[in-house]
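Student: I should like to understand the reasoning behind the terms used for this structure. May we go through them one at a time?

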Amino acid sequence: NLFMLLNEGSRPNITTNVQYLDSMQNRLNIGCGKTPLDGWINTDLEPSLPDVQYLDATKEFPYIDNYFDIVFSEHMFEHLELSGQINMLREVYRTLKQGGTFVLTCPTMEFLIDLYNNPTTENNKKYIEFHSKFYGGPYNTFFDTAEALPKSVVINNFMHMWGHLSIYDCPTIIKMLETVGFVDIKDHRVAEFLYEGETLEQHGRVIPPWANEMESRTFVCYKP
């Protein structure tokens, strides 16, 4: 059972592998890619920038219990297998202070369902055309067309491209967070949640901001 796995041992008693932490850096960014946040401990599985640290979110985090005020992760959770997702949520919970904030941004199933059910609305039509142009790849060749691809092709691509392993709906993500122990969970549109007066999401620098707003939801929750 997914949620039994999440709940079982969700608060490991781990205090070893302590990494030196600057007292001003009590904010952790997991899977930042090429868009780190100023003043944060920015991490990635494959660091490509000088100030980004290595972190494998599927393993024990090298940080002490109850340290961070806030942990943020954007467009990374969907790249993990279930076991890795469970580990990441547990480790985020462990390393957050009591009252600490976890902000998780990821694509959701609702976006894909709406794309399938309403492909001719202005935004969905625009997204299908955008995806077809830049990510159609072998389908464009096979169909011998530069026109918009069938909606099912776009959805299938989204489920599997870029290393995506799982796309959940909002209630499932909320249930996963609840099972680990997080409380006061809310989901927001991109850029709706502000931390110290600033938005955290950066994926709109990787793809067009309007496309990121369609794909993504931001879940904000707290460690009690």
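**Reasoning from values to terms**

Tutor: Arg-94 and Glu-91 stand 3 residues apart in helix α2, a separation of about one helical turn. Please keep in mind that the model is predicted.

Student: Why does a spacing of three places matter in a helix?

Tutor: An α-helix has 3.6 residues a turn, so residues three or four places apart point the same way.

Student: What makes the pair Arg-94 and Glu-91 a salt bridge?

Tutor: The term requires a side-chain nitrogen of Lys or Arg within 4 Å of a carboxyl oxygen of Asp or Glu. The closest N and O atoms of Arg-94 and Glu-91 are 2.8 Å apart, so the pair satisfies the definition.

Student: How do you know that Arg-94 and Glu-91 are buried or exposed?

Tutor: Buried means under 20% relative accessible area. Arg-94 has 4% and Glu-91 has 2%, so both count as buried.

Student: Which residues are linked with Arg-94 in a network of salt bridges?

Tutor: The network links Asp-65, Glu-91 and Arg-94. Asp-65 forms a salt bridge with Arg-94, with 2.7 Å between the closest N and O atoms. Asp-65 lies in the loop between β3 (53-54) and β4 (68-74), and Arg-94 in helix α2 (residues 82-95), so this pair ties together parts that are 29 residues apart in sequence.

Student: Why is Asp-65 called partly exposed?

Tutor: Its relative accessibility is 21%. Partly exposed covers what lies between the limits of 20% and 50%, so the term applies to Asp-65.

Student: What makes Glu-196 and Arg-27 a salt bridge?

Tutor: Their closest N and O atoms are 3.3 Å apart, and the limit is 4 Å, so the pair qualifies. Glu-196 is in the loop between β6 (183-188) and α8 (209-215), while Arg-27 is in strand β1 (residues 27-30), so parts 169 residues apart in sequence are tied together. The structure holds 6 salt bridges.

Student: How are Glu-196 and Arg-27 classed, buried or exposed?

Tutor: Glu-196, at 60% relative accessibility, counts as exposed, because the term applies over 50%. Arg-27 has a relative accessible area of 16% and is buried.

Student: How do you know on which side of α3 its buried residues Phe-111, Leu-112 and Leu-115 lie?

Tutor: Phe-111, Leu-112 and Leu-115 are buried in helix α3 (residues 109-117). They cover an arc of only 95° around the axis, so they lie on the same side of α3. The buried residues of α3 pack against α4 (122-135), α6 (151-160) and α8.

Note on methods: Residues are numbered from 1 along each chain as its sequence is written. This is a predicted model: local features need pLDDT of at least 70, side-chain atom pairs count only at pLDDT 80 or more; totals for chains, interfaces and linings use all residues. Side-chain values use heavy atoms; hydrogens and water are left out. Helices (H or I, at least four residues) and strands (E, at least two) are DSSP runs, numbered from the N terminus. Buried means under 20% relative accessible area, exposed over 50%, partly exposed in between (1.4 Å probe, protein chains only). The arc is that of the directions from the helix axis to the C-beta atoms. Contact means heavy atoms within 4.5 Å.
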